[in-house]
Amino acid sequence: MATGGSSSSSNVPSGGAAGGGAGSGKLPMVPVGSIECLRKRCRQLRVLIHVNDHRKAVVVLHAGEDGKPDHVLVQNVSPEGEASVQSTYRIDVSGETPESQAEMLNDWYTSFRMDTTGVLYDSDQNVIYGVPRGHPGGDVPRSLAILPPAPKKNQHGKAPATESNSSLVEEPLLLVQTDQPAAIGKRKKFTFPDQRKRVKTMTKKDLESYFHITQKSAAHIGLSIGTTALKNLCRANDLPRWPYRQIASLDNKFNNNLKKQITGWNLGKAVQGVTKAFKLRKEKEEFYQKIMSSMPEQLQGIDEIVNSLPEADDDIDIEDDEDNDDVIEDNDDDNSDEN
């Protein structure tokens, strides 16, 4: 069975290994010429596409004319390109019990999920793993539901107000609880009684955890310090500009067109779409690495920043933030890039 992580193995799990776990014995794997099923009235029941640095693996469960699971097609591709197909096999599962058929596919799924460096598409759940919003190291599945296009702005440059619809949310929202007092009038104020202590113990890993949200939110909600303190900390450590905009731009490349390509019934285009999603993941990882390598290992200027902070009971006015970190999310098919 294929392993996850940084394994350089180019073999997908075999039918024998997967079927053996279900108590069905070793199932023969018959070489075939294409991952596309040539049988008439044959339809896909479940598709797994896994891409990492070492190979692409495609596992497709097909139904026969009666609509019941009939066979599994497995293809393994080396990373050089589409012309470098290493192996394609057909596994007959028509004689297996429904439990054995499900366990066979789940064995492949579990094996692919063990790889924390790759990207996995599962048609059953209609999600993709390995390309979460924000920090690239997360393992949160990303929904492939097609989102409505962003509302057009009016003549005043503002989008019209629309009713909230939880069914249109792409993925679960992170709700953050805070003990900060409610806004009074139009002036919002937060208090940070322990911000000196927090700044003294802060590391660049703490900053990295919040690069994907605005600097104001990172300071007040994530780190519980004032915006001015965070800005001074960033400037003293070779981070003159908070990277939220660039990260949001990379996230927004995962748009409706790419989702349609992955979830469409054209298997070849689906593999290309998952491969592009993997490239987006690598691009974001490289961006994070570039930021982190530019910063010193130990944060500098801590003492000066701590001494410049207000007293513990002073209010920090959050209305004076000079940065506008808003990024317009582009889910419109007409504005997406399909390279």
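## Salt bridges within helices

In this predicted model, E208 forms a salt bridge with K205, and their closest N and O atoms lie 3.3 Å apart. Both residues belong to helix α4 (residues 204-208), where they are three residues apart, about one turn of the helix. The two partners differ in their surroundings, since E208 is buried with a relative accessible area of 8%, whereas K205 is exposed with a relative accessible area of 55%.

In helix α9, the side chains of K282 and E285 meet in a salt bridge at 4.0 Å, N to O, and these residues are likewise three apart, which separates them by about one helical turn. Salt bridges with shared partners join D53, R281, K282 and E285 into one network. The structure holds ten salt bridges.

## A salt bridge between distant parts of the chain

E283 forms a salt bridge with K253, with 3.3 Å between the closest N and O atoms. This pair links distant parts of the chain, for E283 lies in helix α9 (residues 267-294) and K253 in the loop between α7 (244-251) and α8 (256-263), 30 residues apart. E283 is partly exposed at 34% relative accessible area, and K253 also counts as partly exposed, at 36%.

## Strand β3 and its neighbours

Strand β3 (residues 56-63) has eight of its eight residues buried; K56, V58, V60 and H62 are on one side and A57, V59, L61 and A63 on the other.

Strand β2 (residues 43-51) pairs with β3 in the antiparallel sense over eight bridges, with V51 opposite K56, and a hairpin of four residues joins the two strands. Eight bridges also join β3 to the antiparallel strand β4 (residues 69-77), where N76 is the bridge partner of A57. Five residues lie between β3 and β4 in their hairpin, and G67 in the turn has a positive phi of about 85°.

Notes:
Residues are numbered from 1 along each chain as its sequence is written. This is a predicted model: local features need pLDDT of at least 70, side-chain atom pairs count only at pLDDT 80 or more; totals for chains, interfaces and linings use all residues. Side-chain values use heavy atoms; hydrogens and water are left out. Buried means under 20% relative accessible area, exposed over 50%, partly exposed in between (1.4 Å probe, protein chains only). Two strands pair if DSSP finds at least two bridges between them.
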